[in-house]
Amino acid sequence: KNRSSMATQAANETANSKTGSGLKAEKVLRFFKDFPKPGINFVDVHPLMSDVEARSEVQRALRERFEGGHAIDAVAGLESRGFYFACPLACDLGLPFVSLRKPGKLPGVLQQVEYGKEYGKDIIQCQADAIKPGARVVIIDDLMATGGTARAACELVRKCGGVPVEVVCIIELTDLNGPKNLPAGVPFFSLVKL
């Protein structure tokens, strides 16, 4: 191994030792300093997608969370890594999947919300008829950082006539305290805390 790969492995082991969730998912994550911009430490979820056992473990945990006590009508996924988890969950539960996307990706009449995030401003959009009025929607993303994207997703669901009932992220960066930025009354859940 070269020094760079050994340093990356050591950083991964240190970060993974902080969580203690016991999920295999946390052991396969990778970390990249100063990506996509200086000062951002990127948590790469893609190795989780390549590991069938870890990915299945995550999907099973999500399915079990929503199979019983949560009354939901749709599952919304945030572009793009939120799709990895939201669409399979919607299939598992027999519910509609709603994509929350960046501009220029969806046709038809759209609703949108502009918001600030860790490294700039962004917009998310949804087809205006994708959420039925009064539908109870769970919002799924891969990672909770400062909470700006998740807050905007809640606003967008409401703008489309739905009710955001929970935000779920696979990974939570606890030092950034993102869940405090969610709208009042919208609970948050994560599987891996870093």
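# Reading helices, rings and backbone

Biologist: To begin with a single residue, does Phe 85 count as buried or exposed, and at what relative accessibility?

Modeller: Phe 85 counts as buried, because its relative accessibility is 0%, and the cut-off for that word is under 20% relative accessible area. Please keep in mind throughout that this is a predicted model. Phe 85 is also one of the residues of helix H5 that make the contact between H4 and H5, which brings us to helix packing.

Biologist: How is a pair of packed helices described, and at what angle do H4 and H5 pack?

Modeller: In general, two packed helices are described by the angle between their axes together with the distance between those axes. Here helix H4, covering residues 52–67, packs against helix H5, covering residues 81–93, at an angle of about 50°, and their axes lie 10 Å apart. An angle of that kind makes H4 oblique to H5, and the crossing of the two helices is right-handed.

Biologist: Which residues make the contact of H4 with H5, and how do they divide by class?

Modeller: H4 contributes Val 58, Gln 59, Leu 62, Arg 63, Phe 66 and Glu 67, while H5 contributes Tyr 84, Phe 85, Pro 88, Leu 89, Asp 92 and Leu 93. Sorted by class, the contact between H4 and H5 has 8 nonpolar, 1 polar and 3 charged residues.

Biologist: How is a pair of aromatic rings described, and how many aromatic pairs does the structure hold?

Modeller: The general description of such a pair gives the distance of the centres and the angle of the planes. The structure holds 3 aromatic pairs, and one of them is formed by Phe 83 and Phe 97, which are edge-to-face, at 5.6 Å centre to centre and with 90° between the planes. This pair links distant parts of the chain, since Phe 83 belongs to helix H5 and Phe 97 to strand S4 (residues 97–100), 14 residues apart. With a relative accessibility of 30%, Phe 97 counts as partly exposed. Tyr 84 and Phe 85 also pair edge-to-face, because their planes stand at 65° and their ring centres are 6.3 Å apart. Unlike the buried Phe 85, Tyr 84 is partly exposed, at a relative accessible area of 29%.

Biologist: Where is Leu 95 found, and which residues does it touch beyond four places away in sequence?

Modeller: Leu 95 is found in the loop between H5 and S4, and it counts as partly exposed because its relative accessibility is 22%. Leaving out residues up to four places away in sequence, Leu 95 touches Ile 72, Asp 73, Ala 74, Val 75 and Ala 90. Leu 95 and Ile 72 are 23 residues apart in sequence, but 8.4 Å apart in space from C-alpha to C-alpha.

Biologist: What is the usual state of the backbone, and which bond joins Phe 35 and Pro 36?

Modeller: As a general idea, most residues other than glycine have a negative phi, and most peptide bonds are trans. In this structure a cis peptide bond, with omega of about 5°, joins Phe 35 and Pro 36, and Pro 36 sits in the loop between strands S1 and S2. The peptide bond from Glu 79 to Ser 80 is cis as well, with omega near -15°, and Ser 80 is in the loop between strand S3 and H5. As for phi, Asp 34 is not a glycine, yet has a positive value of about 60°, and it lies in the loop between S1 and S2.

Notes
Residues are numbered from 1 along each chain as its sequence is written. This is a predicted model: local features need pLDDT of at least 70, side-chain atom pairs count only at pLDDT 80 or more; totals for chains, interfaces and linings use all residues. Side-chain values use heavy atoms; hydrogens and water are left out. Axes are lines fitted to C-alpha atoms, for helices over the stretch in contact, and angles run from 0 to 180 degrees between N-to-C directions. Helices (H or I, at least four residues) and strands (E, at least two) are DSSP runs, numbered from the N terminus. Angles under 35 degrees count as roughly parallel, over 145 as roughly antiparallel, 65 to 115 as roughly perpendicular and the rest as oblique. A crossing is left-handed if the near helix is turned anticlockwise from the far one by less than a right angle, and right-handed if clockwise. Contact means heavy atoms within 4.5 Å. Ala, Val, Leu, Ile, Met, Phe, Trp, Tyr, Cys and Pro count as nonpolar, Asp, Glu, Lys and Arg as charged, and the others, Gly among them, as polar. Rings of Phe, Tyr and Trp (its six-membered ring) pair if their centres lie within 6.5 Å; planes under 30 degrees apart count as stacked, over 60 as edge-to-face and the rest as tilted. Buried means under 20% relative accessible area, exposed over 50%, partly exposed in between (1.4 Å probe, protein chains only).
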